[in-house]
Amino acid sequence: MRNEIRNGGGSPDGAGRQAPGALGLEDELREDGIRGEVRFDRGSRALYATDYSIYRQVPIGVVIPRDADDIVKTVAACRRHGAPILGRGCGTSPNGQCCNVAVVMDCSKYMREIIELDPEKKIACVEPGVICDQLRDAAEEYDLTFGPDPATHAFCTLGGMIGNNSCGNYSVMAGQTVDNIEELEILTYDGLRMRVGPTSEEALEQIIQEGGRRGEIYRNLRDLRDRYADLIRERYPDIPRRCSGYNLNQLLPENGFNVARALVGTESTCVTVLEATTRLIDSPQFRRTLAFGYKDRFDAGDHVKDIMAHGPIALEGFDTTLTHNMETTGSLAVDREALPEGDAWLLVEFGGDSEEEALEQARTTKEALEYDGKPVSVKLCDPAEELSVWAVRTAGVDYSNVPGAMETEGTWEDAAVPPEVLGNYLRDFEKLLNKYGYYCVYYGHFGQGCVHTRITFDLKTANGLKNFRSFLEEAAHLVVSYGGSIAGEYGEGQRAELLPIMFGDELVEAFREFKEIWDPDWKMNPGKVVDPYPLDTNLRTGVDYNPPQVETHFKFPEDRHSFVVATERCFGIGRCRKGSGTMCPSYMVTREEKHVTRGRANLLFEMLQGEAITDGWRDEHVKESLDLCLACKGCKGECPVQTDIATYKAEFLSHYYERRLRPANAYALGLIPWWARFASRAPGLANFFTQTAILRDAMKAAANIAPERSIPAFAPKTFKQWFRERGPRNLTKPSVILWPDTFNNHFHPKTAQAAVEVLEDAGYRVEVPEQHLCCGRPLYDFGMLDFAKRQLRQILEALRPYITEGVPIVGLEPSCIAVFRDELTNLFPNDEDARRLNNQAYVLSEFLEKEDYRPPKLERKAVVHGHCHHKAIMGMSAEEKVLEKLGLDFEVLDSGCCGIAGSWGYEKGEHYDVSMKAGERVLLPAVRGADKDTLILTNGFSCRSQIKEATDRRALHLAQVIQMALRDGGGPPGDYPECEYLEEKRLRPGLRDTAMLGAGAALTGGAVAWIAKKAVG
Ligand SMILES: Cc1cc2nc3c(=O)[nH]c(=O)nc-3n(C[C@H](O)[C@H](O)[C@H](O)COP(=O)(O)OP(=O)(O)OC[C@H]3O[C@@H](n4cnc5c(N)ncnc54)[C@H](O)[C@@H]3O)c2cc1C
Ligand code: SF4
Ligand code: SF4
């Protein structure tokens, strides 16, 4: 019965076809009235084919249960079909325990209820999809916490933590997940649903006497315990971090025959968890951090024992391998200065009920240890330094893999030894790495002897795989020789092949028997933990990995000029599921794997494999997933490996639509710069069309624009017309080019006029290109890349004299400057002018900061929303510095993307809905909640439109805010200070316009055809 389904990558009969057990199962699941989602399509299966590991197996299908009853029905149907099953939370498992040829039940979307939180009893009852931080935040209201806090605490689930027996920084005070579980409600594959927990001998006997399936399980567990008790006591290492093997020790009488805890860490191989009762502990309300600096990581390891004697609540470490990688990626700006002298560091946190208590502990420890000859420096961090040093530590995994610089793989990532021997273990481990010529980054839970080490394994060649296997075996022997554990917190998954080295064959047989008690049909996550697949099979890459090198518009210079390499960037850590910041707005709204950066990256990876995703560039599953991508570039800015889905989406769409007509909105919205140019001949007439109810509605319907959205009105005079009439000033001063983007030129010219005033005040002669130029930003959203490239070539040609002279180019619309700073050099990596333009293009605040411009004071409050491209590509630091110089009392919102993202949120249906939900997450409530005399500031045209449509406020551009300071001193008194800075009232058509009405209508048809012809491709 065991492991009928064994395969390397993909389902046994090819991932494109249905796996055994699947036939009819999908229909039956639907007929059974599952309230959640049932998805057996190729796209959904491809999405769940991997986790945060080197492994890949395409599942049979995916169920997204709404509640425990959905799980019960799913398991029953799978049982009837003999289909294996697997629970899933956030999918951040490191060893392949969360992918399998099985029906995957993803609890992370709906099953997120904290059913009960009892501060008196200090317990909480949760569904398996509850996020670790969700529980910790709820508990913190009572000064309590759930102790284990994996680095993924912002997105990992309690179900997954229970599955993997997770730990974290605060495991020093709280132990592993196993130590914090009181009871579980579980479901066996054969349909038994029951609550389990500690069981007295009396209760145990009674359950056995009652008989039935439950009695049988308990009887078998008791017999297993009795047979193996001595061996368990002898072979289980008594260390703070043992995550390897099943927790059979929890069945021992001294541990109260705790069936719940015995099931913690079973990785979906025994039961499905429907509900968990967790222990909560007091959360120290005051904390202080000591940072120790050492000559190297070995000295740091040697010091752990002495520090632990002082009772910290956390003791974490890292060395220059991490800070170096952070420097390489430009991510260590401020934080390095906060660290004390040295090349390796330990961060030691003390907690107390008062500031004095925490401080006193830190001070005493410092005095006791600073001169004992081990550290080279010690620092008692102030609160700002604490934030900085912990930011370095918590970024450990993120910077353990740097594409193009230090490409690492998981699998030997979390071994743990007794903390008192950590230094020597690390010395020997280093020798082993050297023997194989491997490198890694070191960071982790030094206080508990668990150090993370992602390693530069080669998993694509036969020799590389041979070394990989041989290294793992030697490393396992090494860790066991130190009395340690192969897994210190990541679980086993497919790495379980190494377990006999640690436990011996007899105990491994006990694990097999334990599994069989719960899962006699061997259908729970088969091939993981027990009777595992060989650790070098089911690889995401491997020796057969040879995806086609495809021709692309973007050249991907940072990915060895290969789209294939770009799709390998994402290594699955799941930070895109964090629910804050900018990445990833569509996931924040839908909570769907297919709408998160990782899911999209995985689908593109799968598309190149051609197994589960078979239609290549024309695949509808990939298209669907990318469709809800707002192209906000949040991932490019926030994903540690800069997975850049906005660019991949543009590339995909360009191929998807090759030699095909795009939908109407692509021509209506993607070509907006050309329509605007056309409309500028008669703005009143254009407004007549776009603002008169019946015509406007017809246009919206034709262009697939949401009826709820308004079409922005054209200004009576474009900015360029205004500038031409006014003429340049400061003729003897240095030149700067003000980029006249379509939106500020045609719809918000006052913004650009304000910028002229500001740049002239800064001492510049403003020049505005006469030619009709467009950065082409709207084209990228629809994959019109041939056309986009033409626009960029035109710009390079037109601006060449300025570019070669080094004249700075200042843009007001962040997404336009982002084209010059991002897409331009990706499309033309070998063009020197492109590179020059890339270096000479600034958003206004960057330029003003560079020139150290000192604006007059504007002492009032402001709420600031950063445009997503601004945050992702340019960063907001210059913007904040200018606002500080203005003297504004401002708050920068953690508002992510406004939701409109160019034209994306204008489209009716799902786009509009997601757009509004994204806006309503933070931005729109914050604007509504701001005092009416507070300024609302954002530089993006889309962001201003979203605010205008959904609130009674209008947002100003930075240029206008500085203009306000220049003109009005403190700005207009009273509420709605923006009123005076808004555009003129909309124009009615005049005589000339009316005359043009007929001609316009006739021309429109011709223009559509002409522009569409130029754009397609
Ligand atoms: C960047 C990064 C940092 C990490 N840092 C840490 C760390 O500091 N400490 C640490 O301990 N781990 C860490 N991990 C590993 C991982 O995040 C943890 O194991 C986490 O708890 C897994 O949660 P998840 O929701 O992603 O679970 P998943 O990966 O979805 O699932 C984990 C296991 O639980 C099983 N499972 C899920 N739901 C159920 C259910 N309802 N019933 C039965 N079984 C179920 C799955 O089948 C799987 O075997 C890290 C991982 C990454 C990517
Ligand atoms: S896209 Fe980035 S953040 Fe998301 S899982 Fe992949 S590597 Fe992690
Ligand atoms: S571009 Fe934005 S919406 Fe698209 S995947 Fe990245 S973060 Fe998500």
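In this predicted model, ligand 2 sits in the largest cavity. The shell around ligand 2 is made up of 14 residues, and the closest are Cys570, Ile573, Gly574, Cys576 and Cys639. By class, eight residues of this shell are nonpolar, four are polar and two are charged.

Ligand 3 is surrounded by 13 residues, of which Cys584, Arg600, Cys629, Cys632 and Cys635 are the closest. Nine residues in the shell of ligand 3 are nonpolar, two are polar and two are charged. Two helices, H20 and H22 (634–638), each contribute at least two residues to the shell around ligand 3.

Cysteine 584, one of the closest residues to ligand 3, is located in the loop that runs between helix H18 (563–567) and helix H19 (585–590). The peptide bond leading from methionine 583 into cysteine 584 is cis, and its omega is near 0°. In general, most peptide bonds are trans.

Threonine 597 belongs to helix H20, which spans residues 597–609. Threonine 597 counts as buried because its relative accessibility is 4%, below the 20% limit for that class. When neighbours within four places in sequence are set aside, the contacts of threonine 597 are Cys576, Met583, Cys584, Cys635, Thr643 and Ile645. Among them, Cys576 is one of the closest residues to ligand 2, while Cys584 and Cys635 are among the closest to ligand 3. Met583 and Cys584, also in this contact list, are the two residues joined by the cis peptide bond.

Helix H16 comprises 20 residues (462–481). From the first C-alpha to the last, H16 reaches 29 Å, close to the 28 Å expected at 1.5 Å a residue. The buried residues of H16 are Gly464, Leu465, Phe468, Arg469, Phe471, Leu472, Ala475, Ala476, Leu478 and Val479. These buried residues pack against two other helices, H15 (422–436) and H17 (499–518). Glycine 483, just after H16, takes a positive phi of about 75°.

Positive phi values also occur at asparagine 165 and phenylalanine 257. Most residues other than glycine have a negative phi. For asparagine 165, phi is near 55°; the residue is placed in the loop between helix H5 (158–164) and helix H6 (171–174). With a relative accessibility of 2%, asparagine 165 is classed as buried. For phenylalanine 257, phi is near 40°, and this residue lies in the loop between helix H8 (212–235) and helix H9 (259–263). Phenylalanine 257 has a relative accessible area of 0% and is therefore buried.

Lysine 948 is part of helix H40, residues 941–950. Its relative accessible area is 39%, so lysine 948 is partly exposed, a class that lies between the 20% and 50% limits. Apart from neighbours within four places in sequence, lysine 948 is in contact with Arg953 and Arg954. Lysine 948 and leucine 924 are 24 residues apart along the chain, and their C-alpha atoms are separated by 9.8 Å.

Conventions:
Residues numbered from 1 in each chain as written. Chains lettered and ligands numbered in written order. Predicted model: local features only at pLDDT ≥ 70, side-chain atom pairs only at ≥ 80, totals over all residues. Heavy atoms only, no water. Near = heavy atom within 4 Å. 1 Å grid on protein atoms, 1.4 Å probe; cavity = no way out; pocket = protein on both sides within 12 Å on 5 of 7 lines; lining within 4 Å. Sits in = over half its atoms within 2 Å of the grid points. Nonpolar A, V, L, I, M, F, W, Y, C, P; charged D, E, K, R; others polar. Helix = DSSP H or I, 4+ residues; strand = E, 2+ residues; numbered from the N terminus. Buried < 20%, exposed > 50% of the residue type's maximum accessible area, 1.4 Å probe, protein only. Contact = heavy atoms within 4.5 Å. Expected span 1.5 Å × (residues − 1).
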